[in-house]
Amino acid sequence: MIQAIELQVNGEVHTCLPQTTLPQLLVQMGLNPRLLAVEYNGEILHRQFWDETEIKTNDRLEIVTIVGGG
């Protein structure tokens, strides 16, 4: 049996499967990765690194939606 990973997203506990990448997690959460900025364990994570970032136990994510306007 595969053990789920526990992490915090915006202060709430979430789970995912091992080897889940950041974009996969965002899609599983029903979010559009193109409209988001992500802080990963206290650091803003540049989009070029998202695909290679695998979620690990006890990771902390802060996710904000980018809002356009004028």
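What follows is a friendly conversation between a student and a tutor about a predicted model.

Student: Let's start with the charges. Why is the pair Glu-54 and Lys-56 called a salt bridge?

Tutor: The closest N and O atoms of Glu-54 and Lys-56 are 3.5 Å apart. The cut-off is 4 Å between a side-chain nitrogen of Lys or Arg and a carboxyl oxygen of Asp or Glu, so the pair qualifies. A search of the whole structure finds one salt bridge.

Student: How do you know that Glu-54 is partly exposed?

Tutor: Its relative accessible area is 32%. Buried means under 20% and exposed means over 50%, so a value in between is called partly exposed. Lys-56 has a relative accessible area of 45%, and therefore gets that label too.

Student: Asp-59 is buried, so to speak, with a charge; what makes you say that Asp-59 has no salt bridge?

Tutor: The nearest side chain of opposite charge is that of Lys-56, and it is 6.9 Å away. A salt bridge needs the atoms within 4 Å, so Asp-59 and Lys-56 do not make one.

Student: What does the side chain of Asp-59 have 2.8 Å from one of its polar atoms?

Tutor: The backbone nitrogen of Lys-56 lies at that distance, 2.8 Å. The limit for a polar contact is 3.5 Å, so this separation falls inside it.

Student: Where is Asp-59 found, and which residues is it in contact with, leaving aside neighbours within four places in sequence?

Tutor: Asp-59 is in the loop between strand S4 (43–44) and strand S5 (60–65). Its contacts beyond those neighbours are Glu-6, Leu-7, Gln-8, Tyr-40, Asn-41 and Glu-54.

Student: Thr-53 is in the loop between S4 and S5 as well. Why is Thr-53 called buried?

Tutor: The relative accessible area of Thr-53 is 10%, and the label buried applies under 20%, so Thr-53 earns it. Leaving aside neighbours within four places in sequence, Thr-53 is in contact with Thr-20, Thr-21, Leu-22, Tyr-40 and Leu-45.

Student: What makes Gln-28 exposed?

Tutor: Gln-28, in helix H1, has a relative accessible area of 54%. The threshold for exposed is over 50%, so Gln-28 passes it. Gln-28 is still in contact with Cys-16 and Thr-20, leaving aside neighbours within four places in sequence.

Student: And how do you know that Arg-34 is exposed?

Tutor: Arg-34 has a relative accessible area of 72%, so it also meets the mark of over 50%. Arg-34 sits in the loop between H1 and strand S3 (36–40).

Student: Now the backbone. Why is the phi of Asn-10 worth a mention?

Tutor: Most residues other than glycine have a negative phi. Asn-10 is not a glycine, yet its phi is positive, about 50 degrees. Asn-10 lies in the loop between strand S1 (5–9) and strand S2 (12–16).

Student: Which phi does Gln-19 have?

Tutor: Phi of Gln-19 is near 70 degrees, again a positive value in a residue other than glycine. Gln-19 is in the loop between S2 and helix H1 (22–28), and its relative accessible area of 61% is over 50%, so Gln-19 is called exposed.

Student: Last one: why is the charged end of Arg-47 said to sit over the ring of Trp-50?

Tutor: The charged end of Arg-47 is 4.4 Å from the centre of that ring. The distance limit is 6 Å, so 4.4 Å satisfies it. As for pairs of aromatic rings, a search of the whole structure finds zero.

Terms used:
Residues are numbered from 1 along each chain as its sequence is written. This is a predicted model: local features need pLDDT of at least 70, side-chain atom pairs count only at pLDDT 80 or more; totals for chains, interfaces and linings use all residues. Side-chain values use heavy atoms; hydrogens and water are left out. Helices (H or I, at least four residues) and strands (E, at least two) are DSSP runs, numbered from the N terminus. Buried means under 20% relative accessible area, exposed over 50%, partly exposed in between (1.4 Å probe, protein chains only). Lys and Arg count as positive and Asp and Glu as negative; His and the chain ends are not counted. A polar contact is a pair of N or O atoms within 3.5 Å; within protein, one must be able to donate a hydrogen and the other to accept it, and residues adjacent in sequence count only if both atoms are side-chain atoms. Contact means heavy atoms within 4.5 Å. Rings of Phe, Tyr and Trp (its six-membered ring) pair if their centres lie within 6.5 Å; planes under 30 degrees apart count as stacked, over 60 as edge-to-face and the rest as tilted. A charge sits over a ring if NZ of Lys or CZ of Arg is within 6 Å of the ring centre and within 35 degrees of the ring normal.
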